[in-house]
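Trainee: Please pick one part of this model, look at it closely, and then work outward from there to the rest of the chain. I would like to see how the pieces fit together, with careful wording throughout.

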Amino acid sequence: MCPPVTLKSLFDWLFPQRRNQMCKKQIWRHRRNTETLSIKQQGLCFKTRTNAEVIIFFIHLNFIRLNFNMFVTDIRKEFYDVVVNQRVALFVSPDIDALCACKVLQALFHCDQVQYTLVPVAGWQDLGTAFMEHKEQYQYFVLINCGANVDLLETLQPEEDSVFFICDTHRPVDVVNVYNDTQIKLLIKQDDDLGVPSYDDIFRDDEEDEEGDGDDSGNESDGSAEPSGKRRRYDEDALERRIERQRARREWEARRREILFDYEQYEFHGTSAALVMFELAWVMSKDTKDMLWWSVIGVTDQWVHDKIPHMKYVTDIATLQRHVSRHNHRNEDEENSLSIDCMRITFEYDLRLVLYQHWSLYESICNSCYTSCSFKLWSINGQKKLQEFLADMGLPLKQVRQKFNSMDMSIKENLREVIEESANKFSMKDIRVQTFAVNFGFKNRFLASDVVHAAAALLENVEKDEMPTDNFIKALDCLSRSNLERLHLGIDLAKKKLKAIQQTVASCICTNLILSQGPFLYCHLLEGTPDVKLFSKPLALTLLCKYLLKAFICSTRNKRCKILPLIMAAPLDVEKGTVIVLGIPPESETSDKKNFFGRAFEKAAESTSSRTLHDHFDTSVIELKMEDRGKFLDALITLLS
């Protein structure tokens, strides 16, 4: 009878090129003391004891070579069925897409009575603290919009039985996470353009070099009884082999650095986490209209905060449109019989005017990035253009300046067509955009973007000195149709936030605060600027940054400046002397939204020993000591020139 097949021999036989010491430690971490391997796959159980059984085992599992990573392919079987009878810790990032994904998962957990603990985590320090507090009570952890873009096991140092399910839009995914199949499970859509390097390109067998060196030294010791001439030939051959191996290794390491640099150079975002969670509910036939609406908000959040390319947004909207049609068709008769509690989602080409149905049309036009930049409303000529635009529409100023709900019905009925017709004359051909609206009964109607702005305003509310956790819960609650009062409160906060952004943009443009620093534009908000506290929050600063860059491009005559990225700094903590710094890529409708500032910030901080804190899940957002701002920017200029 053949001897038993150990796990090490099985791994080496299956992956002769894949025995890198570090990766072995990661991949076979909690199995390293196991001498035999039991695997249940496709309804069959194999206990590998003989070489003959190993061959049968490989016939049934020949796909392992092709899929030796931990992307979950069957989200129901590999994720939900695993955690449904367990206690789960749910770590959620503070962004709207993550909140929506959390709502979908909470609904599924409530349906199946899954015990879970929800923990908001604002950054890597929060994540580490939350894990330390919960690692004794929980084996299974679900991370939403956090954890994918770093080596999570290295960061958290978990026990060997801890399992992490990561549903994260941040790209690129860390390669060690990709090739760990024991503790890390990625709930990420495979049709995203991930571009993960192949295993052999980034992991190498160190043992082979050591064994080769051992063989050479063995040859030398064995040849000690041989004539000296023969021993010299052995020494020369061994030296040549060693030099050749060292040269090959240096070439491989250089190629590896180049491959990893190309892979990790840009930060971008993949498919919405809320959409991934909704598709889980759909696969399980447990999807509801509320879940569908949350997934719509999640995708819209990516568009509002400019995280995904326009074509990606259109593709995801088309996917959601099919689900909306299915739900509306399925419940058509039922909806007609419902009272004011009914909920109906509709696909629409609506106006790119923020909150216009909850504001006056005039205020919405003035505070929307698209129209404000098109008219250049920070200038006198821009204000004249706006008046001409309103006159061209033929709408009385009294109607335009009062709340949308109070406008005459005859005006509201064809308002979108009237605005679109006049917008085309003023070179605003993209005034309408694909989106969704929801009706709660006969009174309350919201666009998906309305809810995104309201939830973001609640999430980053600075009017009261409340804990971030309290704001997180309020933002989460406003997504439920049973909490419409909180949603309306969020809309009021969003109006104030949008006004503050518009006024800050106008101030920066008129006072020439945007400076060209060579390879990028730079703007620093000074302490004492109105509403500066609001812009210490990443979502608000992101909206300001996008708005400001677009406004600058519309107002400048310098063609070179129109293709430059923007770095913006705002006061964070006056007592500590820190600022929050954000970098965004050049403005372009056809841009792939890939951001290179994350890596650039790391390199600049490292080369100048600047005191920075890279705590945000978005690598393009950092905290910096004010005293180090000069040398940090100089290093960035040198690095990017």
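Mentor: Two strands are taken to pair if DSSP finds at least two bridges between them, and with that in hand we can begin at a sheet, keeping in mind that what you see is a predicted model. Strand S10 and strand S11 (residues 432-440) run antiparallel and are joined by 9 bridges. One of the residues to look for here is Phe347, whose bridge partner in S11 is Phe436. These strands belong to an open sheet of 3 strands, ordered S10-S11-S12 and paired in antiparallel fashion. Its edges are formed by strand S10 (343-351) and strand S12 (444-447), each of which pairs on one side only, and from one strand to the next the twist averages 25 degrees. As background, the strands of a sheet pair through backbone hydrogen bonds, and the pairing may be parallel or antiparallel.

The sheet also has helices lying across it. Helix H14 (residues 310-330) lies across S10 and S11, with its direction at about 30 degrees to S11, while helix H24 (residues 484-510) lies across S11 and S12 and runs at about 50 degrees to S12.

Each of these helices leads on to a detail of its own. Ahead of H14, in the loop that connects helix H13 (289-304) to H14, you will find Asp306, whose phi is near 60 degrees, a positive value in a residue other than glycine. Asp306 is partly exposed, its relative accessible area being 21%. The setting matters for reading that angle, because most residues other than glycine have a negative phi, just as most peptide bonds are trans. A second example is Asp531, with phi near 65 degrees, again positive in a residue that is not glycine; Asp531 sits in the loop between strand S14 (521-524) and H25 and is partly exposed at 41% relative accessible area. On the peptide-bond side, the bond from Arg171 to Pro172 is cis, with omega near 5 degrees, and Pro172 is placed in the loop between strand S7 (170-171) and H8.

From H24 the thread leads to the cysteines. The sulfur of Cys510 is 9.6 Å from the closest cysteine sulfur, that of Cys508, which is too far for a bond, since a disulfide requires two cysteine sulfur atoms within 2.5 Å. Cys510 is partly exposed, with 48% relative accessible area, whereas Cys146 counts as buried at 0% relative accessibility. By the distance rule, the structure comes to 0 disulfides.

The loop that holds Asp531 ends at H25, and helix H25 (residues 538-555) contains Pro538. Pro538 is partly exposed, with a relative accessible area of 27%, and, leaving aside residues up to four places away in sequence, it touches Glu460, Ile580 and His616. Glu460 is 78 residues from Pro538 along the chain, yet their C-alpha atoms are separated by 8.6 Å.

Aromatic rings give another way of following the fold, and the structure holds 24 aromatic pairs. In one of them, Trp124 and Phe617 meet edge-to-face, 4.8 Å from centre to centre and with 85 degrees between the planes. Trp124 belongs to helix H6 (residues 124-134) and Phe617 to the loop between strand S17 (612-613) and strand S18 (621-625), so this pair ties together parts that are 493 residues apart in sequence. Trp124 counts as buried at 14% relative accessibility, and Phe617 is buried as well, at 5%. Another edge-to-face pair is made by Tyr179 and Phe203, at 6.1 Å between centres and 90 degrees between planes. Here Tyr179 lies in the loop between helix H8 (175-178) and strand S8 (184-186) and Phe203 in the loop between helix H9 (199-202) and helix H10 (206-222), so the parts tied together are 24 residues apart in sequence. Tyr179 is buried with a relative accessible area of 9%, and Phe203 is buried with 2%.

Beyond pairs, Phe79, Tyr80, Phe109, Tyr116, Tyr140 and Phe165 form one aromatic cluster. Charged groups meet rings too: the charged end of Arg87 sits over the ring of Tyr138, 4.7 Å from its centre, and Lys594 lies over the face of Phe268 at 4.8 Å from the ring centre.

Terms used: Residues numbered from 1 in each chain as written. Predicted model: local features only at pLDDT ≥ 70, side-chain atom pairs only at ≥ 80, totals over all residues. Heavy atoms only, no water. Phe/Tyr/Trp six-rings, centres within 6.5 Å; stacked < 30°, edge-to-face > 60°. Helix = DSSP H or I, 4+ residues; strand = E, 2+ residues; numbered from the N terminus. Buried < 20%, exposed > 50% of the residue type's maximum accessible area, 1.4 Å probe, protein only. Lys NZ or Arg CZ within 6 Å of the ring centre and 35° of its normal. Contact = heavy atoms within 4.5 Å. Axes fitted to C-alpha atoms, helices over the stretch in contact; angles between N-to-C directions.
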